[in-house]
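Open the model in your viewer and keep the sequence panel beside it. Each stop below gives a selection to make and then says what is there.

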Amino acid sequence: MELREWAPLVNLVNKIPASVQRGLLFHDVSITCMDVVDEFVALGSNVGIVFWYNRKSGSVERLQTEQSNHLTCVRIISTVEFMVAAGDRQGSINIFQIPKEAPPDVCAELLLKSKPTERYTIRNVHRAEITDLVWSKNGMKLFSGDGSGAVVLNEINYQIKTCEAREIVNEKYHVVQMSLRKDKLLVSTTYRAVICSQEDSKRWRVTQVGKKDRTLPSHFGTVFHEYHSQSRVVTTRSGFRLWVADLEGDVAQTLIFKELIKTPTVEIPILNPSKYPIRIPTTFGKLYTFQDKFLLSVANDMLFVMDLDQMKVIASLTRLRRIIDIAVHKHEIFIVESPRSLIRLSTLPDSSQATILCKNLDLFATSDSDSQIVVADECLELEPQSAAVPNATANGHSNADSDLLQGAQPVEQNPTDGSHHLITHMKKLELFETLNDLKYDESIRYKSGRKTKRKHKTNPIVEIGQIPKEVEDDGNDSSPVAAASSASKASDPVMQ
């Protein structure tokens, strides 16, 4: 498994504004959390904006939350539509319902009836910051945990535009990580890890993982994982230990990685590693499933990829400056290293965008007949020869240049070989002319004079029952974003 950083995400970071204006003051924009799917990347910020990045087109859309608070967690689920949930420090949750693009074979009438982006706002349910969010597969249930230990089930009704929230368990301790599989919710707090099983529509059964409580509150993670082809619960313990339990919470095995961590492992190469000394890890933290068979864990801003079936540490990353948040999707690992730095680790280059790797440049000519790659001839700087090639000067090149392309040795060639080299040379000239005619990004071109900042037009977000403000037309086609604020029907916590 060759896990590495293929290319920097400078293009994505540069599209995030450095600051935003709130009234008379400017606030610096920092990336606080993220999540990723095949088509999009969601970046949460400290100014209450979710930056919705299209990985194919490279465009960025702003999803404005209601109160513009510091976002702490963002999660995406791809169903019939994209559902994006963002939690903040004040305990509020904003859910954005983003319609997917219609396929090209859809009739024009359906394209004109495309729905706008809608927003649901969940308030007055959590009393502390949101620490983790988990979607169900159909996108109709959202589980949320906060810093006070409350775990809430939010059920969304998309037809009548409402959301019902009710608390299913309160552990009284900081919720570190949650994981969902079928009807079982796995919750890890700083005190213990529990499995919540739904018995009926209103009752949940809580089972503790293991019988021993933690001696000290710690930020240990837990996740559902396939261990020896069986679904198991893996929970972090102190001293680089992992508990492997069944779905009822009974611990079957304890895996110790203390000595394996000390052995030399493959270091994941990154483009801009830290120059500071390596920090000595003490214990594992949150756990993530990688490629459905490996387990990924974070320890003191260090990354470890483990194979539990073979009891091996596959790779490690010890040259990171910091780990603010991490998102794992299939064969990709995204790391928020700093407020303005993102790292993508994968076994393959990013196929969603045109990534150019200037490592070995041995391609210049292509065949028009079968579009087959042809290795270019090696050009050497030699003395010009006296032989002349017909029609070479007609294309703006001297006879000496033509001799260099055909070779410096005075070898007799028949007319067929000479015409072949001439055709190859003309194809190269056409390729260079095509590259010169390409339209490059204006941001990389030097321009004299004072730079003016472009004002970004934000789409209005209004509550249901109010008339949305009209968006002034400045020549760009942009569809207004409608927001739907949900009303909670909870019995104890009231969501307005």
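**Stop 1: a hairpin**

Select residues 175-181 and 184-189: these are strand 16 and strand 17, which run antiparallel and are joined by 6 bridges. Within this pair, S179 has L186 of strand 17 as its bridge partner. Now look at the turn, where 2 residues lie between the strands and K182 takes a positive phi near 55°. Strand 16 is largely enclosed by the rest of the structure, because 5 of its 7 residues are buried.

**Stop 2: how far to trust the picture**

This is a predicted model. Colour the chain by pLDDT: the average is 79, and 71% of the residues score at least 70. Select residues 354-416, where the pLDDT is below 50; this stretch has 55 contacts in the model beyond near neighbours in sequence. Residues 462-496 also have a pLDDT below 50, with 81 such contacts. Where pLDDT is low, the predicted coordinates should not be read in detail.

**Stop 3: an enclosed strand**

Select residues 93-98, which make up strand 10. How many of the residues of strand 10 are buried? The count is 6 of 6, so strand 10 is largely enclosed by the rest of the structure. In a regular strand the side chains alternate between the two faces of the sheet. Here I93, I95 and Q97 are on one side, N94, F96 and I98 are on the other, and both sides are covered.

Add residues 82-88, which form strand 9 and pair with strand 10 in the antiparallel sense over 6 bridges. G87 stands opposite I93. The hairpin of these two strands has 4 residues between them, and G91 takes a positive phi near 90° there.

Next add strand 11, residues 118-122, which runs antiparallel to strand 10 and is joined to it by 5 bridges. Q97 has E118 as its bridge partner in strand 11.

**Stop 4: salt bridges**

Keep E118 selected and show K161: the two form a salt bridge, with the closest N and O atoms 2.7 Å apart. E118 lies in strand 11 and K161 in the loop between strand 14 and strand 15, so the pair ties together parts that are 43 residues apart in sequence. E118 counts as buried at 13% relative accessibility, while K161 is partly exposed at 23%.

Now select D132 and R75, whose side chains meet in a salt bridge at 3.2 Å, N to O. D132 is in strand 12 and R75 in strand 8, 57 residues apart. D132 is buried, with a relative accessible area of 4%.

A search of the whole structure finds 15 salt bridges. For a network of them, select E199, D200, R203, R205 and E248.

**Stop 5: an open sheet**

Show strands 20, 21, 22 and 23, which form an open sheet in that order with antiparallel pairing. Strand 20 (222-227) and strand 23 (251-256) stand at the edges with a single partner strand each, so one side of each is left without a neighbour in the sheet. The twist averages 30° from one strand to the next. Inside the sheet, 5 bridges join strand 21 to strand 22, and T235 stands opposite W243.

**Stop 6: a buried leucine**

Finish at L295, in strand 26 (residues 294-299). Is L295 buried or exposed? L295 counts as buried, because its relative accessibility is 0%. Residues that L295 touches include V223, V234, L242 and F304. The C-alpha atoms of L295 and V234 are 9.5 Å apart, though the two residues are 61 apart in sequence.

Notes
Residues are numbered from 1 along each chain as its sequence is written. This is a predicted model: local features need pLDDT of at least 70, side-chain atom pairs count only at pLDDT 80 or more; totals for chains, interfaces and linings use all residues. Side-chain values use heavy atoms; hydrogens and water are left out. Buried means under 20% relative accessible area, exposed over 50%, partly exposed in between (1.4 Å probe, protein chains only). Contact means heavy atoms within 4.5 Å. Two strands pair if DSSP finds at least two bridges between them. Axes are lines fitted to C-alpha atoms, for helices over the stretch in contact, and angles run from 0 to 180 degrees between N-to-C directions. pLDDT is the predictor's confidence in each residue, from 0 to 100. A salt bridge is a side-chain nitrogen of Lys or Arg within 4 Å of a carboxyl oxygen of Asp or Glu. Lists of a residue's contacts leave out its neighbours within four places in sequence.
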